[in-house]
Amino acid sequence: MLTMQWLFFVLIVLIAPSVYEASNAATGSVGLDELSFDKVINKFEASLVKFDVAFPYGDKHDAFVALAKDAKDLDDLLIAEVGVKDYGEKDNEELASKYSATKDNFPVVKLFIKGRKEPISFDESKGFTSDELRRFIREKTGMYLSLPGCVKELDKFAQKFMKANVDDRKKLLKDTEDIQKKLSSKDAASGKIYKTIMEKILEKGDDFINTESERVKKILNSKVSEEKKKELGIRTNILQTFQLATNIKNENDEL
């Protein structure tokens with residue numbers, strides 16, 4: 001006769017998969033397994049996949065969930081999770097191992113891009129945060145995901161600006177100035193950064209983006225206050241918007 005403890009254990013084993021799937025649906029990410037993985041991944045231009053324990057928790061999982069919710073309107077981007085068990089039938093363990101993800105290094109995040117043979121690994125050396133995950137996706141795919149300090153309307157102008165000739169750039173700068181005047185007090189400082197970057201590009205050329213990015217990076221790596229770090233972080237985010245329009249990343253060339 002089953003004791004109450006064993007009965008409870010059996011119920012958990014039976015309902016756990018459905019609970020996990022439901023939690024994925026609620027967070028905006030899609031749960032994948034060894035049978036569905038390739039079929040689903042191949043339907044999207046890009047797929048960000050987290051390989052993790054079957055029932056993840058903690059700051060890193062929270063950061064991934066936050067990203068999934070923010071990316072829900074991007075039809076070409078899939079945010080997914082593969083839950084791996086190291087007990088019983090060891091669900092998805094072989095799939096995770098294929099991409100060098102094991103219980104010793106969970107969570108592991110990979111970006112799969114359609115047409116590319118191998119996925120790109122997310123480097124968490126700068127932190128496993130929703131902002132760093134956004135930067136990673138933007139940099140590798142060119143897809144738009146808002147970052148702290150960025151203004152969506154001005155991001156669009158920045159991308160148009162980088163593709164335009166000199167005369168059109170001057171017109172876009174004027175349009176940017178008009179938009180800047182209408183920005184809320186919260187976005188006013190960011191508006192000035194977009195305007196300044198455009199002016200400097202007109203003055204010094206497109207190379208200004210890379211030299212300025214390197215300059216800001218060096219300052220961030222030095223001893224600066226938290227307030228200054230936040231200010232420079234916003235500048236870095238806005239600079240990346242300009243870079244996205246012109247830079248074809250090396251990873252995407254290796255098709």
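In what order do the strands of the open sheet lie? The views below start from this point, and the model they show is predicted.

**View 1. The open sheet and its edges.** The sheet is built from 5 strands, arranged in the order β1-β3-β2-β4-β5. Its pairing is mixed. At the edges are β1 and β5 (120-121), each of which pairs on one side only.

**View 2. The neighbours of β3 in the sheet.** Strands β1 and β3 run parallel and are joined by 3 bridges. Within this pair, Val-30 has Ala-80 of β3 as its bridge partner. Strand β2 (residues 46-53) also pairs with β3 in the parallel sense, over 8 bridges. Here the bridge partner of Phe-51 is Val-82 in β3.

**View 3. The two faces of β3.** Strand β3 spans residues 77-84, and 8 of its 8 residues are buried. In a regular strand the side chains alternate between the two faces of the sheet. On one side of β3 lie Leu-77, Ile-79, Glu-81 and Gly-83. On the other side are Leu-78, Ala-80, Val-82 and Val-84. Both faces are covered, with the residues on each side all buried. Ala-80 and Val-82, which belong to one face, are also the bridge partners of Val-30 and Phe-51.

**View 4. A negative patch on the surface.** Four acidic residues, Asp-33, Glu-34, Glu-93 and Glu-94, form a negative surface patch. One of them, Glu-34, sits in the loop between β1 (30-32) and α2 (37-41). Glu-34 counts as partly exposed because its relative accessibility is 43%, which falls between the limits of 20% for buried and 50% for exposed.

Definitions and conventions: Residues numbered from 1 in each chain as written. Predicted model: local features only at pLDDT ≥ 70, side-chain atom pairs only at ≥ 80, totals over all residues. Heavy atoms only, no water. Patch = residues over 30% accessible without salt bridge, like charges linked within 9 Å, V, L, I, M, F, W, Y side chains within 5 Å. Areas by Shrake-Rupley, 256 points an atom, 1.4 Å probe, with all protein chains shown as cover. Salt bridge = Lys/Arg side-chain N within 4 Å of Asp/Glu carboxyl O. Lys, Arg positive; Asp, Glu negative; His and termini not counted. Charge placed at Lys NZ, Arg CZ, Asp CG, Glu CD. Helix = DSSP H or I, 4+ residues; strand = E, 2+ residues; numbered from the N terminus. Buried < 20%, exposed > 50% of the residue type's maximum accessible area, 1.4 Å probe, protein only. Pairing = 2+ DSSP bridges.
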